Amino acid sequence: GFGGLYTTLRLASSCPWARIALVEPRDAFCFSPLLYEYATGLVEASAVSARYEEVLPASVRWYRAAARGVDVAAKAVELDDGRTLDARSLALCAGREPVRVDGALSFATLDDARAVREATWDSALVVGGGYVGVELAAHLSRVRGARVTLAQRGPTILPKASAASRDRALAALADVDLRLNARVERRDGSFEIDGRVADADGVVWTAGRRPPALVATMPHPTPDGRLRVDAALRLRAAPRGVFAAGDLAAPPGKQ
């Protein structure tokens, strides 16, 4: 993600003598805030993604694998292909993973957005009233002309946004059927909103994120699966040289 890629690029430019490795299973970086533009046909994939082999300098060694666990004391990372990497310093930027629900498309990767782009829906149910869900619902309605329902579990969309931002979002959702305080469940192969079968050709689930598996191997995570760091992003209860950044990190005041 953003934290891992930009940390890698910054280290490569400022510390050219260092041996730098990036662990990342996907073949391309995805600019996730604009995925809805690709999903609705406004731009092509090249506008929202870049292949790692094209953006990484030759001095960076890229391991196309996922981190399965971390030995903090040894500063070692176990990969899902069986290899183990060790280093003098570690930067943990694995982010948080989307919640994937059977029968629904997720919306976190380029492949997810491509699946939405290729779908031929006249109607859609978007679950989750955060930034991703609101942008996707508005564009599916306005650009694709689909009949869209947006279901949000809480009493308002964009709960962490300013009142002005929420008002602009509500204006963009003028043609969307907005359901607040909604309970969405999958039952007998169908999705239900508050006990009634949703009238939708397809479902996109944007609600919720969960910690990656490697958090289970880390010391003292927060109850929601983040890593406690200090103001300099140094991992607490860890030896010198271990850092965490991005959505994986819980800085002071958020622990």
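Q: Contact means heavy atoms within 4.5 Å; with that in hand, which residues is Pro219 in contact with, leaving aside its neighbours within four places in sequence?
A: This is a predicted model, by the way. Pro219 is in contact with Val72 and Ala237, once neighbours within four places in sequence are set aside. Given the definition, each of these two residues has a heavy atom within 4.5 Å of one in Pro219.

Q: Where does Pro219 sit, and how far is it from Leu235 in sequence and in space?
A: Pro219 belongs to the loop between β18 (209–210) and β19 (227–228). Along the chain Pro219 and Leu235 are 16 residues apart, and C-alpha to C-alpha they are 9.5 Å apart in space.

Q: What makes Pro219 partly exposed?
A: Its relative accessible area is 26%. Buried means under 20% and exposed means over 50%, so a residue in between is partly exposed. Pro219, at 26%, therefore counts as partly exposed.

Q: Why is Thr40 called buried?
A: Thr40 has a relative accessible area of 6%. The cut-off for buried is under 20%, so at 6% Thr40 is called buried. You'll find Thr40 in the loop between α2 (35–39) and β3 (49–51).

Q: How do you know that Thr40 makes a polar contact with the backbone oxygen of Tyr36?
A: A polar atom of the Thr40 side chain lies 2.7 Å from that oxygen. The limit for a polar contact is 3.5 Å, so a distance of 2.7 Å falls within it. Leaving out neighbours within four places in sequence, Thr40 is also in contact with His139, Leu140, Val143 and Arg144.

Q: What makes β10 and β13 edge strands?
A: The open sheet has five strands in the order β10-β17-β11-β12-β13, with parallel pairing. β10 (105–106) and β13 (177–179) each have a single partner strand, so one side of each has no neighbour in the sheet.

Q: How do you know that β10 and β17 count as paired?
A: Two strands pair if there are at least two bridges between them. Two bridges join β10 to β17 (residues 202–205), so that requirement is met. The two strands run parallel, and Ser106 has Trp205 in β17 as its bridge partner.

Q: Which strands does helix α5 lie across, and at what angle to β12?
A: Helix α5 (residues 131–142) lies across β11 (123–127), β12 (147–151) and β17. Relative to β12, helix α5 runs at about 165°.

Q: Why is the pair Glu44 and Arg117 called a salt bridge?
A: The closest N and O atoms of Glu44 and Arg117 are 3.0 Å apart. The cut-off is 4 Å, so the pair qualifies. Glu44 sits in the loop between α2 and β3 while Arg117 is in helix α4 (residues 110–118), so the salt bridge ties together parts 73 residues apart in sequence. Both ends are partly exposed: Glu44 has a relative accessible area of 48%, and Arg117 comes in at 26%.

Q: What do Arg68 and Glu78 tie together?
A: Their side chains meet in a salt bridge of 2.6 Å, N to O. Arg68 is in strand β5 (residues 67–71) and Glu78 in strand β6 (residues 76–79), so the pair links parts that are ten residues apart in sequence. Arg68 is partly exposed at 42% relative accessibility, and so is Glu78 at 34%.

Q: Which residues are in a network of salt bridges with Glu185 and Arg187?
A: Arg183 and Glu192 are linked with Glu185 and Arg187 in that network. The side chains of Glu185 and Arg187 meet at 3.1 Å, N to O. The structure holds 15 salt bridges.

Q: How do you know that Cys15 is in no disulfide?
A: Searching the whole structure turns up zero disulfides. The cysteine sulfur nearest to Cys15 is that of Cys93, 15 Å away. A disulfide needs two sulfur atoms within 2.5 Å, so at 15 Å Cys15 and Cys93 don't make one.

Q: Why is Ser89 called partly exposed?
A: Ser89 has a relative accessible area of 46%. Exposed means over 50% and buried means under 20%, so Ser89 lands in between, as partly exposed. Ser89 lies in the loop between β7 (84–86) and β8 (90–92). Its C-alpha atom is separated by 44 Å from that of Arg168, with their positions 79 residues apart along the chain.

Technical notes:
Residues numbered from 1 in each chain as written. Predicted model: local features only at pLDDT ≥ 70, side-chain atom pairs only at ≥ 80, totals over all residues. Heavy atoms only, no water. Helix = DSSP H or I, 4+ residues; strand = E, 2+ residues; numbered from the N terminus. Buried < 20%, exposed > 50% of the residue type's maximum accessible area, 1.4 Å probe, protein only. Polar contact = N/O pair within 3.5 Å; in protein donor to acceptor, adjacent residues only side chain to side chain. Axes fitted to C-alpha atoms, helices over the stretch in contact; angles between N-to-C directions.
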